[in-house]
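User: Please take a close look at the nonpolar core of this chain and the residues around it. I am new to this structure, so a plain account that also places the core within the whole chain would help.

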Amino acid sequence: LGHAILQKAEELNLPLLKLLNSRTYPGSGLSGELEGLPEIIRVGTPEWLEKEGVKLNSDTQSFLKKASHKSQSIVAVGEGEEFLGLILIDDKLRPDVDIALKKLRNQGLNLSILSGDRQEAVQRIGNLLNFHPKQLGWQLLPDQKLKKLQILQSNGHVAMVGDGINDAPALAASDLGIAIGTGTQIAQDSADLILLGERLEGLPEALLLAQKTMDKVKQNLAWAFGYNMIALPIAAGVLLPQFGILLSPPIAALLMALSSITVVLNALSLKTT
């Protein structure tokens, strides 16, 4: 949301005031002092601003009731106790989101959306992306996201994808935390995997590569153990008394080299998958 507001401010050529200090309230908003302004500026949910003493007039209250039925994120702005205005933000789907979700579902993954946005916005996005209502969560604070994730973990391993401050606790607690490269630094620090850029298609590709890598590791272990279980007894002379077969040191060295080459070639075959 903050990134969207900054982009709009740049489009309108609005000057940005120097920030003296700020404080974040997870799931609610943030406050801070700006150079040249005597009062504290607050930006966040309308409900939070009211709790902080910002007075919303009757016209604003009426507008909020009408806007609550729309699928937009609402950000309120206040200076001290004075209400300054509302910013309505539409969620725009990434162009590659359909392809990425299709690939993830084809991999047999059960997907859910855990969001701090309003119910209407989350349900609209869920409908567009073919999510079942039970797979949606809205207006979740960071600790509520964490509890939802822990419930999911009771049924198996869970990966979490996020890019914001509110996602950090869930990213850290998940079995696999995945951060978007363009997200906040704290989200990236809390994650196990960072997707460079904004390509969501990189997510199913990364998971598929990880799965194929583990398959190669298992294949190479099976080959190495199998080779040693067969070659070592022969080299020790198990077949010598009955069949007269014994591996000479040069042949044993050649087989060891061939084993290593086979393992390396099998690993390099990942490039062709």
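Analyst: What follows starts with the chain as a whole, moves to the core, and ends with some single residues.

The model is a predicted one. Its chain contains 11 helices and 10 strands. The radius of gyration is 28 Å, whereas the globule rule gives 19 Å for 273 residues; the first value is well over the second, so the chain is more spread out than a compact globule. Taken along the principal axes, the box filled by the C-alpha atoms is roughly 100 × 40 × 30 Å. Of the 273 residues, 31% are buried. Among contacts with a separation of 6 or more, 42% are between residues 24 or more positions apart. The accessible surface is about 17,500 Å², and carbon and sulfur atoms account for 59% of that surface. As for charge, there are 25 positive and 28 negative side chains, with the centres of the two sets 8 Å apart.

Now the core itself. The largest nonpolar core has 16 residues, and the members that touch the most others are Leu101, Ile113, Leu129 and Phe131. At least two residues of this core come from each of helix 4 (97-106), helix 5 (119-128) and strand 9 (176-180). Helix 4 is the biggest contributor, giving four residues.

Phe131 shows what such a member has around it. Leaving out residues up to four places away in sequence, Phe131 touches Leu101, Arg105, Leu111, Ser112, Ile113, Gly126 and Leu136. Two of these partners, Leu101 and Ile113, are also listed with Phe131 among the members touching the most others.

Another core lies apart from the largest one; this other core has nine residues, including Trp48, Leu49, Leu64 and Ile74. One of its members, Leu49, is also touched by Ala76. Ala76 sits in strand 4 (residues 73-79) and is buried, with a relative accessible area of 0%. Not counting residues up to four places away in sequence, the contacts of Ala76 are Arg42, Val43, Gly44, Thr45, Pro46, Leu49, Phe83, Gly85 and Leu86. The C-alpha atom of Ala76 is 19 Å from that of Leu12, with the two positions 64 residues apart along the chain counted as their separation.

Back beside helix 4, Asp96 belongs to the loop between strand 5 (82-89) and that helix. Is Asp96 buried or exposed? Asp96 has a relative accessible area of 11%, and because buried means under 20%, this residue counts as buried. Apart from neighbours within four places in sequence, Asp96 is in contact with Glu198, Arg199, Leu200 and Glu201. Its C-alpha atom and that of Leu209, 113 residues apart along the chain, are 19 Å from each other.

Two loop residues have a backbone angle worth pointing out. Most residues other than glycine have a negative phi. Asn13 is not a glycine, yet its phi is positive, at about 55°. This asparagine is in the loop between helix 1 (2-11) and strand 1 (19-25), and with a relative accessible area of 66% Asn13 is exposed. Gln139 also has a positive phi, near 50°. The loop that holds Gln139 runs between strand 7 (136-137) and helix 6 (142-153).

Terms used. Residues numbered from 1 in each chain as written. Predicted model: local features only at pLDDT ≥ 70, side-chain atom pairs only at ≥ 80, totals over all residues. Heavy atoms only, no water. Core = buried A, V, L, I, M, F, W, Y, C linked by side-chain atoms within 4.5 Å. Buried < 20%, exposed > 50% of the residue type's maximum accessible area, 1.4 Å probe, protein only. Contact = heavy atoms within 4.5 Å. Rg over C-alpha atoms; globule rule 2.2 N^0.38 Å. Areas by Shrake-Rupley, 256 points an atom, 1.4 Å probe, with all protein chains shown as cover. Lys, Arg positive; Asp, Glu negative; His and termini not counted. Charge placed at Lys NZ, Arg CZ, Asp CG, Glu CD.
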